[in-house]
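Could you walk me through this protein and its ligand? I would like to begin at the binding site and then visit a few individual residues.

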Amino acid sequence: MCYNYLMKKILLSGVKPTGRPHIGNYFGAMKQFVNLLSSGDFDCYFFIADYHALNFIQNAEEMRQNTLDLAIDYLAIGLDPKKATLFKQSDISAHTELSCIFDTIVTMPYLMRAHAYKDAVAKDKEINVGTFNYPVLMAADILLYDTDVVPVGQDQKQHVEYARDIAQKFNSIFGETFKLPEPLIIEGVATVPGIDGRKMSKSYDNTIPLFASREEIAKAVMSIVTDSGAGIPENVFNIHRLFKDGKELKLFYEKNIGKYKILKEALIEDINAFIEPLRERRVELAKDEKRVIEILKESAVKTNEKANKKLVEVKRAIGVIY
Ligand code: TYM
């Protein structure tokens, strides 16, 4: 493995195309994608984790639409395909090939420690192999690009740790091949709460979609569970602080103690003011789906070149090519 210290650090992250992204995805991860890309400090890779989503979405039409929608979402938040590589995981077969190689060095007891696996067991769910193996594919996603930094929300921290462990194990068996990636998790937005106070998540049905219409925002905000007997409704405040400066907001909440209607109406206005320009940009981008498909196709060619180079290095290390 040879590092070029003059080169920019490599940043990679992905989102599953399992339906509309929500403000938890945005503040926890996608906003960082935009900020870190525009810092100019990183060589950025953002992808659509469609094979990870296949564990949840098993309908071709839905998968096609969700994937295209997520590509449009990436563009709408400001990821410029000329500055970052935006691609679809399934276009780069090196991800699954590397995952298959990693399967041979990862043990089952080790994967049984994954939070997602333990949760599924606790809920008595029948677990498919894709879900069990989820951290291994994710390690392949990350390690294939010699990634330095992985911006994610708190719920993905363990997965990045798996990637580090797998890299270390591979390196110790076959020689220095992979860099050890670091998660980048921003305090204060590591776990964005949903309208019921639990972590915002599609599976809890407690989300505010990132590109929500004004009506959807109003409906979601009005159903935020107000938990407080003694003043500031924490659930409302904790979502509101994503959109407004903390000090000013605190004063506003103190001035309006107990007036939930006023507080919620202000929150609707602030969320809408933030989302409106994103929503409008998204509508424009969605008019030209062909261009979006073209962007993915073009980046697949470039990304395959890079990924395949790394895969050759790996195959040499394990002794399957001469
Ligand atoms: P996914 O699609 O579930 O979520 C995308 C990103 O959003 C973050 N996130 C949150 N952050 C803060 N608060 C929340 N309530 C919240 N909900 C979601 C997630 O942490 C994530 O960063 N396994 C990944 C996709 C993936 C990936 C990768 C990511 C596949 N391969 C390689 C990074 C690197 C996932 O399911 O994200």
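The tour below starts with the ligand and then moves on to single residues.

Please keep in mind that this is a predicted model. A good place to begin is the ligand, which occupies the space of the largest pocket. Around the ligand there is a shell of 28 residues, and the closest of them are Lys16, Tyr134, Asp141, Asp155 and Val192. Sorted by class, this shell consists of 14 nonpolar, 10 polar and 4 charged residues.

Let us look at how individual atoms meet the ligand. Lysine 16 places a polar side-chain atom 2.7 Å from a ligand oxygen atom. Glutamine 156 also uses a polar side-chain atom, in this case 2.9 Å from a nitrogen atom of the ligand. With valine 192 the backbone takes part: an N or O atom of its backbone lies 2.8 Å from a nitrogen atom of the ligand. On its own, the ligand has 720 Å² of accessible area, and the protein covers 96% of that. Where does the shell come from in terms of secondary structure? The elements that contribute two or more residues are strand 1 (9-15), helix 1 (23-39) and helix 8 (134-143).

Now we can leave the ligand and turn to two buried residues with polar contacts. The first stop is lysine 179, in the loop between helix 9 (157-174) and strand 5. Is this lysine 179 buried or exposed? Its relative accessible area is 16%, and because buried means under 20%, lysine 179 counts as buried. The side chain of lysine 179 has two partners to follow here. One is the side chain of aspartate 148, joined to that of lysine 179 by a polar contact of 3.1 Å. The other is the backbone oxygen of aspartate 146, which the lysine 179 side chain reaches at 3.4 Å.

The next stop is serine 299, which belongs to helix 14 (residues 289-318). Serine 299 is buried as well, since its relative accessible area is 9% and the limit for that label is under 20%. What does the side chain of serine 299 reach? At 2.5 Å it meets the backbone oxygen of leucine 86.

From the buried residues we move to two aspartates in loops. Aspartate 124 sits in the loop between helix 6 (115-122) and helix 7 (129-132). Its phi is near 60 degrees, a positive value in a residue that is not glycine. With a relative accessibility of 72%, aspartate 124 is exposed, because that label applies over 50%. Aspartate 205 lies in the loop between strand 5 (182-184) and helix 10 (214-222). Here too phi is positive in a residue other than glycine, with a value near 55 degrees. The relative accessible area of aspartate 205 is 70%, so aspartate 205 is exposed.

The last stop is serine 93, which you can find in the loop between strand 3 (85-88) and helix 4 (94-103). How should its accessibility be described? Serine 93 has a relative accessible area of 46% and is therefore partly exposed, because that label covers the range between the buried and exposed limits. Serine 93 also gives a sense of distance across the model: from its C-alpha to that of proline 233 there are 48 Å in space, while the two residues are 140 apart in sequence.

Notes: Residues are numbered from 1 along each chain as its sequence is written. This is a predicted model: local features need pLDDT of at least 70, side-chain atom pairs count only at pLDDT 80 or more; totals for chains, interfaces and linings use all residues. Side-chain values use heavy atoms; hydrogens and water are left out. A residue is near a molecule or strand if one of its heavy atoms lies within 4 Å of it. A polar contact is a pair of N or O atoms within 3.5 Å; within protein, one must be able to donate a hydrogen and the other to accept it, and residues adjacent in sequence count only if both atoms are side-chain atoms. Accessible areas come from the Shrake-Rupley method with a 1.4 Å probe; for residues, only the protein chains shown count as cover. On a 1 Å grid over the protein atoms alone, a cavity is a set of points where a 1.4 Å probe fits but cannot get out, and a pocket is an open set with protein on both sides within 12 Å along at least five of seven lines; lining residues have an atom within 4 Å of a point. A molecule sits in a cavity or pocket if more than half of its atoms lie within 2 Å of its grid points. Helices (H or I, at least four residues) and strands (E, at least two) are DSSP runs, numbered from the N terminus. Ala, Val, Leu, Ile, Met, Phe, Trp, Tyr, Cys and Pro count as nonpolar, Asp, Glu, Lys and Arg as charged, and the others, Gly among them, as polar. Buried means under 20% relative accessible area, exposed over 50%, partly exposed in between (1.4 Å probe, protein chains only).
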